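This report describes selected sheets, helices and nonpolar cores of a protein model. The structure is shown first, and the description follows.

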Amino acid sequence: ILIPALQTSDSESVDLEDDLEESACLTESKMNENKPGDSQNLACVFCRKNDDCPNKYGEKKTKEKWNLTVHYYCLLMSSGIWQRGKEEEGVYGFLIEDIRKEVNRASKLKCCVCKKNGASIGCVAPRCKRSYHFPCGLQRECIFQFTGNFASFCWNHRPVQIITSNNYRESLPCTICLEFIEPIPSYNILRSPCCKNAWFHRDCLQVQAINAGVFFFRCTICSNSDIFQKEMLRMGIHIPEKDASWELEENAYQELLQHHERCDVRRCRCKEGRDYNAPDSKWEIKRCQCCGSSGTHLACSSLRSWEQNWECLECRSIIYNSGEFQKAKKHVLPNSNNVGITDCLLEESSPKLPRQSPGSQSKDLLRQGSKFRRNVSTLLIELGFQIKKKTKRLYINKANIWTSALDAFRNRNFNPSYAIEVAYVIENDNFGSEHPGSKQEFLSLLMQHLENSSLFEGSLSKNLSLNSQALKENLYYEAGKMLAISLVHGGPSPGFFSKTLFNCLVYGPENTQPILDDVSDFDVAQIIIRINTATTVADLKSVINECYNYLELIGCLRLITTLSDKYMLVKDILVYHVIQRVQAPFESFKQGLKTLGVLEKIQAYPEAFCSILCHKPESLSAKILSDLFTVHTLPDVKALGFWNSYLQAVEDGKSTTTMEDILIFATGCSSIPPAGFKPTPSIECLHVDFPVGNKCNNCLAIPVTNTYKEFQENMDFTIRNTLKLEKEESSHYIGH
């Protein structure tokens, strides 16, 4: 919908159809002023200025094919044009023919500031006839709103900030540049809508908004983004839909990957010096658990083991002088009634849309709050820096994976930050034999067991169940601990969390609303359905009478006066059954997930972790597996050709094996772990009759054969029968 921002009298209007030929000539002559050459010196077809100042006029774009140069803001704010094309079409989605028509329209309008023609922007105030160029509007302190219908307001009709009273007697600093300003709202001085003592220069705000982008632009005092951004948009601050400038900088956070390794206590007892670090000894350096930027040798602070917590003097004074630990602020779920700036930009039915940066166009823009999406593998790799070189061997019985894993993780010598080494043993084996096992295979089997255990309920998307015996044995804590260890140590992700369970972990149970799909109990689900489908108050009361004992038991009985009361009743039942009923298991499970800092990472980057906790990994394809495996030895060209053909045949369903079977045969995992494989899966071409999978090294040896048919038959036979034999052995052991 195009809302004309400029109203002209009949004497000023021109019939474009009657003067088409004259208009075309005029437009062509205007555009021909831009001669080919240095684009920096070409003038914008709207404002006729050759300035290249992105902060003031937007990006300057030159299309040599059409001999056309425009400032982005001049184009975006013009009153008689709208975005009809895609981002890559024309100029920022504005078609060339539309730009020509708008230049022609503006050529007949005189700027009320510089008195020259070409004023393409008009004040939207009713009956206001002022029109101006974009730079002239800035000069006269007009306000341009980069949202909605992209309205512009002249100096007489621009929006203002209303301050009821001014209690400030002295100057206050701009909270961005810290230069003192008079705390009086004006065009150049703006006040934060969420913090009464936060004042800014307009220019400072605009530069910050361009650098931060919509996902990081917020109040510098309270960090509020929704209220702050709405007000700044109203007052004419352009907040671009793009990544923050520091997110686009390569290796911007490289220094965060460096660990602090220095003893900073007042009296260091180490003869080798403060920088000496000897792991697994009393001279190992322990970092402050709060800030991580100070350290101590264990002996210098009388720490008995690395597992003991330690805080530096600064952090200790802050924590213990406060009298109590402060609780972390609760995250609030997005509310459909409170539409934030992101929602406005994505859902506004506007003829013009702010241009996205190339890097952000392909990304999901619905990011949680103001946290920018980060790659989940990078987050897990960062957590993996906690893992030490010291290894801990776990003796695992594949026939009873849960019990042996539980015994290993509960061992007093087990430390989740030690590297894991797996040895498979057979129960009741008189010879006590053991053989090396794959850590990733062990973790994969453990995650499969957890998914199908009695600790969770549901079909595909699971919630915590109420198992009193498991609660008594603290198994929910152990389950959370196992999940955390699997993620950090390179194991597979669960992928079976319901959105409700995930939201409870991230935002808190009090901010989560369950749905009917979360109820796995058939009888409870039927009660909810009957209440929800009641069409009259009498029907509703009848259902409540039939379920009186159950509703009384769970504390959800309520007085029914209208039919709409059924919705609150359904909500109460859902909250009780899915959340309140399993409160104790949830708290225990949550504590387990805190192992190695996993829960804190999940809460900081919910969008990234949702993809691996609530969704199964993407299906494997021939290309994914081909890219995953690297050639480890001098390749046999013929065998590698057979390998690629085999992958394609498996993908096309022309083989008895699947992509997952191949990956399990070589690595022990049916999917690629979020943190990736260590070591990287590799291929060897050997003169053997059948393929060999080394799960400990993620290595697959493929046979060198004369024909592809022989290659496929050998691959299918070996992979299929090996996996079948492993499954039968596991069942045999369990049966005994």
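Two strands are taken to pair if DSSP finds at least two bridges between them. Helices (H or I, at least four residues) and strands (E, at least two) are DSSP runs, numbered from the N terminus. The model is predicted: local features need pLDDT of at least 70, and side-chain atom pairs count only at pLDDT 80 or more, while totals for chains, interfaces and linings use all residues. Residues are numbered from 1 along each chain as its sequence is written, and side-chain values use heavy atoms, with hydrogens and water left out.

**The three-stranded sheet**

An open sheet of 3 strands follows the order β13-β14-β15, and its pairing is mixed. Its edge strands, each pairing on one side only, are β13 (388–396) and β15 (434–437). On average, neighbouring strands of this sheet are turned by 35° against each other, direction ignored. Strand β14 (residues 418–425) runs parallel to β13, and 7 bridges join the two. Helix α14 (residues 439–451) lies across β13, β14 and β15, at about 80° to β14. Such angles run from 0 to 180 degrees between N-to-C directions, the axes being lines fitted to C-alpha atoms, for helices over the stretch in contact.

**The four-stranded sheet**

A further open sheet contains 4 strands in the order β18-β19-β21-β20, again with mixed pairing. Here β18 (630–631) and β20 are the edge strands, each of which pairs on one side only. Strand β19 (residues 682–686) runs parallel to β21, to which 5 bridges join it. β18 and β19 also pair in the parallel sense, over 2 bridges. Because 4 of its 5 residues are buried (under 20% relative accessible area, with a 1.4 Å probe and protein chains only), β19 is largely enclosed by the rest of the structure.

The table lists bridge partners from both sheets.

| Residue | Bridge partner | Strand of the partner |
|---|---|---|
| Ile-396 | Tyr-424 | β14 |
| Glu-684 | Ala-701 | β21 |
| Leu-686 | Pro-703 | β21 |

Two helices lie across this sheet. Helix α27 (residues 659–667) lies across β20 and β21, at about 60° to β20. Helix α26 lies across β18, β19 and β21, at about 110° to β21. The 15 residues of α26 (residues 637–651) should span 21 Å at 1.5 Å a residue (1.5 Å times one less than the number of residues), and the end C-alpha atoms are 21 Å apart, which agrees. Buried residues of α26 include Leu-640, Phe-642, Trp-643 and Tyr-646. α26 is followed by Gly-653, which has a positive phi near 80°.

**A buried asparagine**

Asn-698 is found in the loop between β20 (692–694) and β21 (699–703). Its relative accessible area is 0%, so Asn-698 is buried. The side chains of Asn-698 and Gln-440 are joined by a polar contact of 3.3 Å. A polar contact is a pair of N or O atoms within 3.5 Å; within protein, one must be able to donate a hydrogen and the other to accept it, and residues adjacent in sequence count only if both atoms are side-chain atoms. Leaving aside neighbours within four places in sequence, Asn-698 is in contact (heavy atoms within 4.5 Å) with residues including Gln-440, Phe-677, Lys-678 and Pro-679.

**Nonpolar cores**

A nonpolar core is a set of buried Ala, Val, Leu, Ile, Met, Phe, Trp, Tyr and Cys residues joined through side-chain atoms within 4.5 Å. The largest one has 78 residues, of which Phe-442, Phe-589 and Phe-609 touch the most other members. Helix α16 (residues 475–488) gives the most to this core, with 9 residues. Beyond its neighbours within four places in sequence, Phe-442 is in contact with residues including Leu-394, Ile-396, Val-422 and Tyr-424. A second, separate core of 37 residues includes Cys-123, Ala-125, Tyr-132 and Phe-150.

Note on methods:
Buried < 20%, exposed > 50% of the residue type's maximum accessible area, 1.4 Å probe, protein only.
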